[in-house]
Amino acid sequence: LLVLLVIANIIFFFVGRKQVSAEAFQASQQDSFMTPEQFPRQSGCVTCMPGNKTNAELKECYGPCTSLDFILDWEEQAKRLGFKLVFFKSRPGPRGEPPVNISAWW
């Protein structure tokens, strides 16, 4: 029974790790220094790989997710509104984990 529990823990560790690990979600990650203005051109979506894209590339690969007009409107609004990078601490974790530092665009 102990051997089965050890094997189950090993399997759950590796399966669970892939579900929450940043390595498994490279396409959906963004550079922590990316601004709200840069985000829509840099982000990935289905067939769009992360990285800077031209309007033609956006129009072709963002089709399943959104439209080029939406991306252009996003960029225009982000420039007009402006954003400030803010920092704050999280709540403690459910098992007593200490708060972590969080940054976000506001």
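Q42 lies in helix α2 of this predicted model. The protein has four helices and two strands, arranged along the sequence as α-α-α-α-β-β. Helix α2 also contributes F39 to an aromatic pair with W74 and R41 to a salt bridge with E75, and both partners belong to helix α4.

**Overall composition**

- The protein has 106 residues, and 15% of them count as buried.
- Among contacts with a separation of 6 or more, 19% are between residues 24 or more positions apart.
- The exposed area of the protein is about 8,600 Å², with 63% of it supplied by carbon and sulfur atoms.

**Surroundings of Q42**

- Q42 has a relative accessibility of 23% and therefore counts as partly exposed, since the buried class ends under 20%.
- Leaving aside residues up to four places away in sequence, Q42 touches M34, P50, G51, N52 and K53.
- T54 is 12 residues from Q42 along the chain, and the C-alpha atoms of the two are separated by 10.0 Å.

**Salt bridges**

- Two salt bridges are found in a search of the whole structure.
- One of them joins E75 and R41, whose closest N and O atoms are 2.5 Å apart.
- This pair links distant parts of the chain, with E75 in helix α4 and R41 in helix α2, 34 residues apart.
- Both partners are buried: E75 has a relative accessibility of 11%, and R41 has one of 16%.
- Not counting residues up to four places away in sequence, E75 touches E37 and P40 as well as R41.
- The other salt bridge is formed by R95 and E97, with 3.4 Å between the closest N and O atoms.
- R95 counts as exposed because its relative accessibility is 73%, a value over the 50% cut-off.
- E97, at 30% relative accessibility, counts as partly exposed.

**Aromatic pairs**

- The structure holds two aromatic pairs.
- In the pair of F39 and W74, the ring centres are 5.4 Å apart and the planes are at 35 degrees, so the pair is tilted.
- F39 is in helix α2 (residues 39-42) and W74 is in helix α4, so this pair ties together parts that are 35 residues apart in sequence.
- F39 counts as partly exposed at 27% relative accessibility, and W74 counts as partly exposed at 32%.
- W74 also pairs with F70 in an edge-to-face arrangement, with 6.0 Å from centre to centre and 80 degrees between the planes.
- F70 and W74 both lie in helix α4, where they are four residues apart, about one turn of the helix.
- F70 has a relative accessibility of 42% and so counts as partly exposed.
- F39, F70 and W74 are linked by these ring pairs into a cluster.

**Nonpolar core**

- The largest nonpolar core consists of seven residues: C45, C48, L58, C61, Y62, L68 and I71.
- Helices α3 (55-61) and α4 each supply at least two residues of this core.
- In soluble globular proteins, nonpolar side chains tend to be buried together.
- C45, one of the core residues, touches C61, Y62 and C65 when residues up to four places away in sequence are not counted.

**Nonpolar surface patch**

- L81, F83, L85, F87 and W105 form a nonpolar patch on the surface, and their accessible area together is about 510 Å².
- F83 is in the loop between α4 (68-81) and β1 (85-89).
- The relative accessibility of F83 is 38%, so F83 counts as partly exposed.

**Helix α4 in summary**

- Helix α4 holds E75, the salt-bridge partner of R41 in helix α2.
- W74 in helix α4 pairs with F39 in helix α2, and W74 shares helix α4 with its other ring partner, F70.
- Helix α4 also supplies at least two residues of the largest nonpolar core.

Methods
Residues numbered from 1 in each chain as written. Predicted model: local features only at pLDDT ≥ 70, side-chain atom pairs only at ≥ 80, totals over all residues. Heavy atoms only, no water. Buried < 20%, exposed > 50% of the residue type's maximum accessible area, 1.4 Å probe, protein only. Contact = heavy atoms within 4.5 Å. Areas by Shrake-Rupley, 256 points an atom, 1.4 Å probe, with all protein chains shown as cover. Patch = residues over 30% accessible without salt bridge, like charges linked within 9 Å, V, L, I, M, F, W, Y side chains within 5 Å. Salt bridge = Lys/Arg side-chain N within 4 Å of Asp/Glu carboxyl O. Phe/Tyr/Trp six-rings, centres within 6.5 Å; stacked < 30°, edge-to-face > 60°. Core = buried A, V, L, I, M, F, W, Y, C linked by side-chain atoms within 4.5 Å.
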